[in-house]
Amino acid sequence: MKLLVTGGAGFIGSNFIRYWLEKYPKDKITNLDKLTYAGRLETTEDFSKNKNYTFIKGDIGDLKTTLKATEGIEVVVNFAAESHNDRAIQDPGIFVRTNVLGTQILLEAAKRQNVKRFHHISTCEVFGELELNEKRAFKEEDPFRPRTPYNASKAAADHVVMAYYHTFGSPVTISHCSNNYGPYQFPEKIIPRFITNLIDNQKIPLYKSSQNRREWIYVDDHNEAVDIVIRKGKVGEMYSIGTGVEKSVEDIADSLLKIFGKPKSYKKYVPDRAGHDKRYLLSTKKIRSELGWKAKYEFDAYLEKTVEWYKENEWWWRPLKKEAEALYAKTGQK
Ligand code: NAD
Ligand code: TDX
């Protein structure tokens, strides 16, 4: 199979390529990535010499580039996006340009090149937020109710993907995943930010609404589910990928302090995120019953493995820490 992966120099996309090249060593993968602040060639170093791997530096929002990148491609997997809520509050425009317009331009190229499958990576956040005490979980057929510039751009992109399916018959699938953690995650996101602060013996900044919680998934579980959706999923369908493992900001902080053997006085409280969604939780009934997928990596064990990875790979994150903290210096959340 010939795949085009976009955003493959970022966190989940690079782990997807790593996973795929190992599992399907005969397949060919092209990675199209703009190399924004979040995309780095160092992240792809370990597989960059693989003879079945090609890298193109380019923007999914440029039709000429995407037409060339999709030539002879059977499957497109679109990970490329602006992905951080706190940045979207500072500059919503780039989120709309990359996540919405970029996705449309990539869809258009895939349509013109007769790509057999366009798989779009989306997020639980498109469904809006749940109350902390609510009993339900989001289902695939729930309406989109985004509340932040990031999740509005992801919801809008999903609508464009479905419009290409209904109007032009494009062979699309979409997956909505919960919060990922694992190696190569940019240290602006909560888990790598807290880990790298603790390695440096710094306090960890909890946003004021620290009972807000997320559903956590190890990145390889997400990527295995995407693999199954690509191979077995039905065109025109959306699939939710989650674990049911919910952790509040306080829980994450406490788990990491325990791993590092540090006292609770390492927690500090900083101003809340504007539009801070309280909670997301996905029902995974559909992917479990129709495609036979379920998550297998256990949270506590893989959180520890993730800590180990950051301890062993300072070369990777140390140069990024300044960029990540500069953002929070601006927002007063440092
Ligand atoms: P990331 O920010 O680590 O990586 C994004 C990658 O996309 C980077 O390599 C960047 O250079 C590239 N990129 C950005 N704009 C581009 C453009 N215009 N053209 C080409 N490449 C571009 O993000 P991530 O956490 O790996 O997220 C990947 C995808 O998964 C995103 O679509 C995100 O919305 C989705 N998602 C993420 C999570 C999570 O917890 N991280 C959960 C659910 C869904
Ligand atoms: O320093 C922090 N302190 C803190 O309390 C940071 C960075 C975050 N938080 C809180 C805010 C959230 O309640 O932690 C929680 C998680 O925040 P992020 O790591 O920024 O992730 P989130 O906003 O939930 O979005 C993530 O999951 C869904 C990804 O960044 C998205 O790309 C994905 O779609």
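How far is an oxygen atom of ligand 1 from an N or O atom in the side chain of D33? In this predicted model, the two sit 2.6 Å apart. That contact has company from the backbone. A polar backbone atom of F11 is 3.0 Å from an oxygen atom of ligand 1, and a backbone N or O atom of T36 comes in at 3.1 Å from a ligand oxygen. Stepping back, ligand 1 is surrounded by 28 residues, and D33 is listed among the closest, along with I12, S83, Y150 and K154.

The UniProt record, in an unreviewed entry, lists residues 4-305 as "domain: NAD(P)-binding". Over that stretch, the chain is 39% helix and 18% strand. The C-alpha atoms at its two ends are 29 Å apart.

Next comes helix α10, which runs over residues 299-312. With 14 residues, α10 spans 20 Å from its first C-alpha to its last, close to the 20 Å expected at 1.5 Å a residue. At the start of the helix, a side-chain oxygen of E298 reaches to within 3.4 Å of the backbone nitrogen of D300.

As for what α10 tucks away, its buried residues are F299, Y302, L303, T306, V307, W309 and Y310. These residues cover an arc of only 160 degrees around the axis, so they end up on the same side of α10. Their packing partners include three helices' worth of contacts to look at: α6 (190-199), α8 (249-260) and α11 (314-331). On the strand side, the buried residues of α10 pack against β7 (179-181), β9 (213-218) and β11 (246-248).

How values were computed
Residues are numbered from 1 along each chain as its sequence is written. Chains are lettered from A and ligands numbered from 1 in the order in which they are written. This is a predicted model: local features need pLDDT of at least 70, side-chain atom pairs count only at pLDDT 80 or more; totals for chains, interfaces and linings use all residues. Side-chain values use heavy atoms; hydrogens and water are left out. Helices (H or I, at least four residues) and strands (E, at least two) are DSSP runs, numbered from the N terminus. The expected span of a helix is 1.5 Å times one less than its number of residues. Buried means under 20% relative accessible area, exposed over 50%, partly exposed in between (1.4 Å probe, protein chains only). The arc is that of the directions from the helix axis to the C-beta atoms. Contact means heavy atoms within 4.5 Å. A polar contact is a pair of N or O atoms within 3.5 Å; within protein, one must be able to donate a hydrogen and the other to accept it, and residues adjacent in sequence count only if both atoms are side-chain atoms. UniProt positions are given in the numbering used here, feature names are shortened, and annotations may be inferred rather than shown by experiment. A residue is near a molecule or strand if one of its heavy atoms lies within 4 Å of it.
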